[in-house]
Amino acid sequence: MDPAKGTLYVVSKDLPAMLKLEQDKTNPDRYTSGFNFMVASNGISPIGPPWTSLTAYDLNEGSILWKRPLGDVPELAAKGIHNTGVHYPKIGPVVTAGGLIFAGSRDKWVRALDEETGKTIWETQLPAAMEGIPAVYEVAGRQYIVFCAAAQAGLTTGTQEKIEGAYVAFALPR
């Protein structure tokens with residue numbers, strides 16, 4: 001969120017899920033619900049992309065400033081299919097005072113986006129997929145962004161890799 005401008009940045013997921021109420025075996029007066037995403041055998045959603053989007057909301061006007069897919073599904077990107085948004089986004093963006101939005105994703109890419117337009121202005125790939133919200137801190141007048149790169153990028157068991165998780169820090173230019 002950029003409180004000075006009244007802009008909120010939200011990562012949303014559009015993946016169908018199946019919820020089924022079942023009677024609790026230990027307490028018949030209680031019901032529980034499992035949660036399962038609906039995916040095909042290849043791990044892809046049965047509905048069309050984008051599956052993850054980053055949206056900028058103008059809270060002063062109650063409107064959407066821009067919306068864009070966030071990331072790609074690696075298996076589809078390898079075939080030239082882009083702008084799908086990643087599957088399983090357990091991520092969030094941060095906004096710097098300089099007008100940059102930083103977001104990592106399950107496709108192993110870290111992106112810096114322009115706060116006004118949502119356009120990617122810098123990106124780099126890490127050895128593992130990201131999860132969580134990056135941390136922002138300052139030391140001796142220099143700002144840093146830290147990402148947790150310790151998640152699976154593969155959609156199915158057959159496409160998952162051994163993860164050597166790490167925290168990766170980037171220093172912003174002075």
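**Exercise 1. Find the residue in E8 that is the bridge partner of Phe102, and place the two strands in their sheet.**

Solution. Step one is the bridge itself: Phe102 is partnered in E8 by Ala112, in a predicted model where local features need pLDDT of at least 70, side-chain atom pairs count only at pLDDT 80 or more, and totals for chains, interfaces and linings use all residues. Residues are numbered from 1 along each chain as its sequence is written, and side-chain values use heavy atoms, with hydrogens and water left out.

Step two is the pairing of the strands, where strands are DSSP runs of E with at least two residues, helices are runs of H or I with at least four, and both are numbered from the N terminus. Two strands pair if DSSP finds at least two bridges between them; E7 and E8 have five bridges, in the antiparallel sense. Four residues lie between the strands of this hairpin, and Lys108 takes a positive phi near 75° there.

Step three widens the view to the open sheet, in which four strands follow the order E6-E7-E8-E9 with antiparallel pairing. Its edges are strand E6 (94-95) and strand E9 (120-125), each of which pairs on one side only.

**Exercise 2. Describe how E6 is joined to E7, and state whether E7 is enclosed or open to the outside.**

Solution. Begin with the bridges: E6 and strand E7 (residues 100-104) pair in the antiparallel sense over two of them, and the bridge partner of Val95 in E7 is Ile101. These strands form a hairpin with four residues between them, and Gly99 in the turn has a positive phi of about 90°.

Next, consider burial, where buried means under 20% relative accessible area, exposed over 50%, and partly exposed in between (1.4 Å probe, protein chains only). E7 is largely enclosed by the rest of the structure, because four of its five residues are buried.

Finally, follow Val95 to the start of the chain: Met1, in the segment before strand E1 (7-13), is 94 residues from Val95 in sequence, yet their C-alpha atoms are 6.5 Å apart. Not counting residues up to four places away in sequence, Met1 touches Thr7, Leu8, Tyr9, Leu59 and Val95, a contact being heavy atoms within 4.5 Å.

**Exercise 3. Identify the residues with the most contacts inside the largest nonpolar core, and the strands that supply this core.**

Solution. A nonpolar core is a set of buried Ala, Val, Leu, Ile, Met, Phe, Trp, Tyr and Cys residues joined through side-chain atoms within 4.5 Å. The largest has 13 residues, and those with the most contacts inside it are Phe102, Val110, Leu126, Met130, Phe147, Ala149 and Phe170.

Turning to the strands, E8 (109-114), E11 (142-151) and E12 (166-171) each supply at least two residues of this core, and E11 gives the most, with three. Leu126 touches Lys108, Val110, Ala149, Val168 and Phe170, when residues up to four places away in sequence are not counted.

Apart from this core lies another, of nine residues, among them Tyr9, Leu54, Trp66 and Leu113.

**Exercise 4. Classify the aromatic pair of Tyr9 and Trp66 and that of Phe147 and Phe170.**

Solution. Rings of Phe, Tyr and Trp (its six-membered ring) pair if their centres lie within 6.5 Å; planes under 30 degrees apart count as stacked, over 60 as edge-to-face and the rest as tilted. A search of the whole structure finds four such pairs.

For Tyr9 and Trp66 the centres are 6.0 Å apart and the planes stand at 35°, so this pair is tilted. The two residues belong to distant parts of the chain, with Tyr9 in strand E1 and Trp66 in strand E5 (residues 63-69), 57 residues apart. Tyr9 is buried, with a relative accessible area of 6%, and Trp66 counts as buried at 8%.

For Phe147 and Phe170 the values are 6.1 Å centre to centre and 75° between the planes, an edge-to-face pair. Phe147 lies in strand E11 and Phe170 in strand E12, so the pair ties together parts that are 23 residues apart in sequence. Phe147 and Phe170 are both buried, and with Trp122 they form one aromatic cluster.
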